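Student: Could you take a close look with me at the aromatic rings in this model and at what lies around them? I would love one connected walk through that part.

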Amino acid sequence: MGTTESTVNASIKKKTIEVTSDKQSILYQVYKRPHVDFFLSTISQWYKVVIFTASMSEYADPVIDWLDQDQTFISQRYFRQSCLLKNGNFLKDISLAESDLSKVCLIDNSPSAYELCQENAIPLPTWISNPKDDCLLDLLPLLDALRFTADVRSILSLRDPKHI
C-alpha cells in the first residue's frame, strides 16, 4: 500500500491512500479537517477515544493510522461490519465500545448513524474543504464539561431535538 502526504493550502493536509480490495487497487485523496490533530490530542487526554465508522476497514484503517501516527490517541476501531444495516443506512451500536452509555458520546455527521443512540449523539456538520472550519475547536468546551457529569445524556438531552 502506498501513501503520500502533502498540504493543499496552509491549513489542510492531504494524503493519497491506496486501497487494495478484491485484487483491485484504488487511490483515494483524504483530507484532514482543520484542527483534527489538536482535537484528538486534547480529547484523548480526557476520554478513551474510539473510532466507529461506516467505512470498510480496508479504507478506514490507513486513514486512522494517519490520524494517529504514534498510536497514542485512538484506543479502538469499529468498521462497517460492526454497524447494523437498516433501510440502506449503517447504524452504530455504541454499546459495543462501552456498555455504560452514561459515559459515551458519539460525534457524527450522519443522523442516521446515531439512530440507535440519539441521547448520546453530538451532531457535527459535514466538512468538505473549508480551511476556516472551527467545528472541532467549538466542541472542546462541551467535551471538557461532559467529563465531569455522571451521565452525559443528562446534558446532551438539554439540546433542541430539532438540531439533533
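**A close look at the aromatic pairs**

Tutor: Happy to! Confidence in the chain is lowest in strand β1 (residues 3-7), with a mean of 55, and highest in β4, at 98. This is a predicted model, and the average pLDDT of the chain is 91, with 90% of the residues scoring at least 70.

Now to the rings themselves. A pair of aromatic rings is described by the distance of the centres and the angle of the planes. The count here comes to two aromatic pairs. One of them is formed by Tyr 28 and Tyr 59, which meet edge-to-face, with 5.0 Å from centre to centre and 70° between the planes. This pair links distant parts of the chain: Tyr 28 belongs to strand β3 (residues 24-31) and Tyr 59 to helix α2, 31 residues apart. Tyr 28 has a relative accessibility of 33%, so Tyr 28 counts as partly exposed. Tyr 59 also counts as partly exposed, because its relative accessibility is 27%, and the buried class requires a value under 20%.

Phe 52 and Tyr 78 also form an aromatic pair, and this one is stacked: the centres are 5.3 Å apart and the planes 25° apart. The stacked label follows because planes under 30 degrees apart are counted that way. Here, too, distant parts of the chain are linked, with Phe 52 in strand β4 (residues 49-52) and Tyr 78 in strand β5 (residues 74-78), 26 residues apart. Phe 52 has a relative accessibility of 10% and therefore counts as buried. Tyr 78, at 14%, counts as buried as well.

Let's stay with helix α2 for a moment. The helix spans residues 57-67, and Ser 57 lies in it. Ser 57 is buried, with a relative accessible area of 18%. Leaving out residues up to four places away in sequence, Ser 57 touches Pro 62, Phe 79 and Gln 81.

There is one more ring to visit, this time with a charge. Lys 32 lies over the face of Trp 66, at 4.8 Å from the ring centre.

Finally, helices and strands come together around helix α1 (residues 36-46), whose buried residues are Val 36, Phe 39, Leu 40, Thr 42 and Ile 43. The cover over these buried residues includes β4 and α2, along with β8 (106-108) and α3 (135-146). That brings us back to two elements we have already met: β4 holds Phe 52 of the stacked pair, and α2 holds Tyr 59 of the edge-to-face pair.

Terms used. Residues are numbered from 1 along each chain as its sequence is written. This is a predicted model: local features need pLDDT of at least 70, side-chain atom pairs count only at pLDDT 80 or more; totals for chains, interfaces and linings use all residues. Side-chain values use heavy atoms; hydrogens and water are left out. Helices (H or I, at least four residues) and strands (E, at least two) are DSSP runs, numbered from the N terminus. Buried means under 20% relative accessible area, exposed over 50%, partly exposed in between (1.4 Å probe, protein chains only). Contact means heavy atoms within 4.5 Å. Rings of Phe, Tyr and Trp (its six-membered ring) pair if their centres lie within 6.5 Å; planes under 30 degrees apart count as stacked, over 60 as edge-to-face and the rest as tilted. A charge sits over a ring if NZ of Lys or CZ of Arg is within 6 Å of the ring centre and within 35 degrees of the ring normal. pLDDT is the predictor's confidence in each residue, from 0 to 100.
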